[in-house]
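Work through the exercises below with the sequence and the model open beside you. Each task is followed by a solution that goes step by step.

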Amino acid sequence: MAGGNERSLKALKEVWRRAENSLCADCGKPDPDWASSTLGVFICLSCSGIHRNIPSISKVKSLKMDHWDDAQVQFLAKHGNAVTKATYEAHIPIYYYQPTYNDCQVLREQWIRAKYERREFTEPGKQLPYSDGVKEGILWKRGRDNGQFLPRKFLLSEREGCLKYFTKQDAKEPKINVKIDVINATFQPVKIGNPNGLQITYLKDNKTRNIFVYHESGKEVVDWFNAIRSVQFHYLKVAFPIASDNEIKNRLTRNFLKEGYMEKTGPKQREAFKKRWFTLDHRRLMYFKDPLDAFAKGEVFVGSRENGYSVQKGLPSGTQGNFSWPYGLTIVTPDREYLFTCETETDQLDWIAAFTSVINQAMTPQEYASKCLDAVSC
């Protein structure tokens, strides 16, 4: 630390070492080394950049490189992460998604702005733009066939329990009408090529359909995301009245466990391996010719170890199909083996870890039912 007298430096270190300040106040990243001298929170470098963009609310300084005077150190000591969170996170709705350091920029930025700039969680029962059970507006949607993003009207309704979109503003009938309990939403800025890109998926005839959308406003797209979670939460509260709030919260939107390219061969295991984009959505392994395809070319159900599923490093000896990537893995199911290859050993090990995490979980009754409907040949 540069500058400052010995007393201030010692006091700053003592506050910094408190257990409550060992994680970033906004994203939970360990060992934050920045702080806000106006809010009194300890934050990581990444979140400090977001704070720097709202200078009327937060002024940030490095704990290692900047000078902290006595008054600023006393302010940190009086506040800190626990006291500040008690004010700015006092009334967060149970369904509101609180991002971590692994989440994308738009989620983390809007979380920080919602807390400190808009003060959305400081008062009980505050009317929020994603909490009234209905949301209507324009999102830019990617065309399934031409790949162009065009403005489309979307309507989310808790009363009807569905999400609709319309190809024209004045259209009376929606292009789709999707029940809220089969919808998932996850941010995909890299895949979509837009920092506010959101992937909405739903089940149609027990097959996954993808919709890719964005909005120019980060706040608006995050409001849509939390509105979907809000409607889902209230729907599930009615559908499962004895479930706890936390149990229901865990059934709301989820990030995909893993995505990326692998090569695959067919069921005879003699065909040439083809490069495909794979998405592991809990027990659904889907593959696409292109990451932005609306429909998967196939889906594989990944069950539990106790039901005969496993993942193995490498390919069976004597594999005949031609492949260009050297790092193989095999998914073993009660019915057959699925063979894949990865470009790098890191990809191989990451996929194996993702499959292992699923296979080690016991299956629920709903997943047993889903397996019966998911017999899609890879």
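A residue is called buried when its relative accessible area is under 20%, and exposed when that area is over 50%. The model used in these exercises is a predicted one.

**Exercise 1. Cysteines**

Determine how many disulfides the structure holds, and examine Cys-27 and Cys-104 as candidates.

Solution. A disulfide is a covalent bond between the sulfur atoms of two cysteines. The cut-off to apply is a sulfur pair within 2.5 Å. A search of the whole structure with this criterion returns zero disulfides. For Cys-27, the nearest cysteine sulfur belongs to Cys-44 and is 3.7 Å away, and Cys-27 is in no disulfide. For Cys-104, the closest cysteine sulfur is that of Cys-47, at 12 Å, which is too far for a bond. Next, consider accessibility: Cys-27 has a relative accessible area of 5% and is therefore buried, while Cys-104, at 18%, also counts as buried because the limit is 20%.

**Exercise 2. The nonpolar cores**

Find where the largest nonpolar core lies with respect to domain 1 and domain 2.

Solution. In soluble globular proteins, nonpolar side chains tend to be buried together. Here the largest core has 55 residues, and those with the most contacts inside it are Ile-43, Leu-156, Ile-183, Phe-187, Leu-198 and Ile-200. Helix H7, residues 218-239, gives the most to this core, with nine residues. Since domain 1 (1-117) and domain 2 (134-248) both give residues to the core, it lies between them. To look around one of its members, take Ile-183, which, when neighbours within four places in sequence are left aside, has contacts that include Leu-163, Val-178, Ile-200 and Ile-228. Apart from this core lies another, of 22 residues, among them Phe-278, Tyr-309, Cys-342 and Ala-354.

**Exercise 3. Strand S12 and its partners**

Describe how strand S12 pairs with S11 and with S13, and state how much of S12 is buried.

Solution. Begin with S12 itself, residues 274-281, where six of the eight residues are buried, so that the strand is mostly covered. Strand S11 (residues 258-264) runs antiparallel to S12 and is joined to it by seven bridges; within this pairing, Glu-263 has Lys-275 of S12 as its bridge partner. Strand S13 (residues 284-288) is likewise antiparallel to S12, with five bridges between them, and Trp-277 has Phe-288 of S13 as its bridge partner. Finally, the hairpin of S12 and S13 has two residues between the strands, and His-282 there takes a positive phi near 55 degrees.

Notes: Residues are numbered from 1 along each chain as its sequence is written. This is a predicted model: local features need pLDDT of at least 70, side-chain atom pairs count only at pLDDT 80 or more; totals for chains, interfaces and linings use all residues. Side-chain values use heavy atoms; hydrogens and water are left out. Buried means under 20% relative accessible area, exposed over 50%, partly exposed in between (1.4 Å probe, protein chains only). A nonpolar core is a set of buried Ala, Val, Leu, Ile, Met, Phe, Trp, Tyr and Cys residues joined through side-chain atoms within 4.5 Å. Helices (H or I, at least four residues) and strands (E, at least two) are DSSP runs, numbered from the N terminus. Domain bounds come from an automatic or database domain assignment. Contact means heavy atoms within 4.5 Å. Two strands pair if DSSP finds at least two bridges between them.
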